Amino acid sequence: MTATRLDGKATAAAIRTELTDRVSALADAGRRPGLGTLLVGDDPGSRWYVDAKHSDCAQVGIASIQRELPADATQADVLAVVADLNADPACTGYIVQLPLPRQVSEAAVLEAMDPDKDADGLHPTNLGRLVLGVPGPLPCTPLGIVELLRRYDVPLAGAEVVVVGRGVTVGRPLGLLLTRRSENATVTLCHTGTRDLAAHTRTADVVVAAAGVPGLVTAEMVKPGAAVLDVGVSRVDGKIAGDVAGDVVEVAGHVAPNPGGVGPMTRAMLLSNVVTLAERAARPVLA
Ligand SMILES: Nc1nc(=O)c2c([nH]1)NC[C@@H]1CN(c3ccc(C(=O)N[C@@H](CCC(=O)O)C(=O)O)cc3)C=[N+]21
């Protein structure tokens, strides 16, 4: 038996279609949402992601504000663009593409963003809101994972979920999201320092592999019928290599492949965050 594919590409396309009505309503009220991006440097992977985000925006009617700085930009250069985007009324939500060059502090840049325009949900205020259970924009990859599982009826309530990876964009906030009462999963957050990773993953109903270690999760580490989501992004010989080995599809019940799984969902959730932020900003106008 081979696993059901969690098709992130098709699901993200459906979400974009659903968003177009909300974008039209905002545009009719003179409040068209606008996504800003700041790309620092010329990493081809980062450029691809940013370009893909803007072509997604064009599809649903969200305006694009594309800012770029050279790889040798200073922290002051980056903070100046952040201040611009904070002040620009056409920009209702924005992201600073990560990673930033070494000379620029990511923490300082995230902190300088207007939390009400934080389309990535990575501002300390918004991460704090996630911990507190207060509404606010949520990180896109964790949201995309939860939404993909929901649309394929993979149950989370009471489920054992093992997340591999403790990074700030995926693993750490995903643990917080999944343990909310609304999701009600039990989460074990594993990482590269976990003594016996396989012992954890073998008990899991859902495994999310987000460690950035190619082929880390193999078939013998997966309980038959479990859902396995591949979120690792590494490049091996110029091609994307995920954290999940090819033989896992023979054991798992569901697999989110990489590419074609969580990546497109991340972009769809970014659009959803931008639309929600624009709706919130327009509330007095929209009634
Ligand atoms: N501020 C910030 N926010 C992010 O959300 C952010 C970031 N920085 N830095 C880098 C990571 C990575 N990331 C991905 C987004 C989409 C795909 C994606 O759409 N991938 C496609 C195609 C991949 C390909 O073929 O190259 C897929 O999985 O099918 C992947 C990875 C967002 N990130």
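**Backbone features, helix packing and domain arrangement**

Aspartate 153 is located in the loop that runs between helix 6 and strand 5. The structure described here is a predicted model. Although aspartate 153 is not a glycine, its phi angle is positive, at about 55 degrees. Most residues other than glycine have a negative phi, and most peptide bonds are trans. Two cis peptide bonds are described next. One joins leucine 98 and proline 99, with omega at about 0 degrees. Proline 99 belongs to the loop between strand 4, residues 93-96, and helix 4, residues 106-112. In the other case, the bond from asparagine 258 to proline 259 is cis, and its omega is near 0 degrees. Proline 259 is found in the loop that lies between strand 11, residues 254-256, and helix 9.

The protein chain is divided into two domains: domain 1 consists of residues 20-135 + 265-286, and domain 2 of residues 154-256. Domain 1 is thus assigned in two stretches of the chain, with domain 2 falling between them in the numbering. A distance of 27 Å separates the C-alpha centres of domain 1 and domain 2. Contact between the domains involves five residues of domain 1 and five residues of domain 2. On the domain 1 side of this contact, four residues are nonpolar, one is polar and none is charged.

The UniProt record, an unreviewed entry, carries two domain annotations for this chain. The annotation "domain: Tetrahydrofolate dehydrogenase/cyclohydrolase catalytic" in that record covers residues 6-120. Over residues 6-120, helix accounts for 50% of the chain and strand for 16%, and the C-alpha atoms at the two ends are 23 Å apart. According to the same record, "domain: Tetrahydrofolate dehydrogenase/cyclohydrolase NAD(P)-binding" covers residues 139-281. Here, over residues 139-281, the chain is 31% helix and 19% strand, with 19 Å between the end C-alpha atoms.

The unreviewed UniProt entry also gives the feature "binding site" at Gly165, Arg166, Gly167 and Val233. These residues are spread over 69 residues of sequence but cluster in space, the largest C-alpha distance being 14.3 Å. Of the annotated positions, glycine 165 lies in the loop between strand 5, residues 160-164, and helix 7, residues 171-178.

Three helix pairs were examined for their packing. Two packed helices are described by the angle between their axes and the distance between the axes. Helix 9 takes part in two of the pairs described here, one with helix 1 and one with helix 2.

Helix 1, residues 8-28, packs against helix 9 at an angle of about 15 degrees, and the two axes are 9 Å apart. Angles under 35 degrees count as roughly parallel, and helix 1 and helix 9 are therefore roughly parallel to each other. The crossing of helix 1 with helix 9 is left-handed. Residues of helix 1 in this contact include Ala12, Ile15, Leu19, Val23 and Leu26, and those of helix 9 include Met265, Ala268, Leu271, Val275 and Ala278. Overall, the contact of helix 1 with helix 9 has twelve nonpolar, four polar and five charged residues.

Helix 2, residues 44-60, and helix 9, residues 262-281, have axes that come within 10 Å of each other and cross at roughly 55 degrees. Because of this angle, helix 2 is oblique to helix 9. The crossing of these two helices is right-handed. From helix 2, Ala52, Lys53, Asp56, Cys57 and Val60 take part in the contact, where they meet Arg267, Leu270 and Leu271 of helix 9. By class, this contact has five nonpolar residues, no polar ones and three charged ones. Two residues of helix 9, Arg267 and Leu271, appear both in the contact with helix 2 and in the contact with helix 1.

The remaining pair is formed by helix 6, residues 140-151, and helix 7, which pack at an angle of about 45 degrees with their axes 8 Å apart. Helix 6 and helix 7 are therefore oblique to each other. The crossing of helix 6 past helix 7 is right-handed. Pro142, Ile145 and Val146 make the contact from helix 6, and Pro173, Leu174 and Leu177 from helix 7. The contact of helix 6 with helix 7 has six nonpolar residues, with no polar and no charged ones.

Terms used:
Residues numbered from 1 in each chain as written. Predicted model: local features only at pLDDT ≥ 70, side-chain atom pairs only at ≥ 80, totals over all residues. Domains from an automatic or database assignment. Contact = placed C-beta atoms within 7 Å. Nonpolar A, V, L, I, M, F, W, Y, C, P; charged D, E, K, R; others polar. UniProt positions renumbered as here; feature names shortened; annotations may be inferred. Helix = DSSP H or I, 4+ residues; strand = E, 2+ residues; numbered from the N terminus. Axes fitted to C-alpha atoms, helices over the stretch in contact; angles between N-to-C directions. Parallel < 35°, antiparallel > 145°, perpendicular 65-115°, else oblique. Left-handed = near helix turned anticlockwise from the far one by under 90°.
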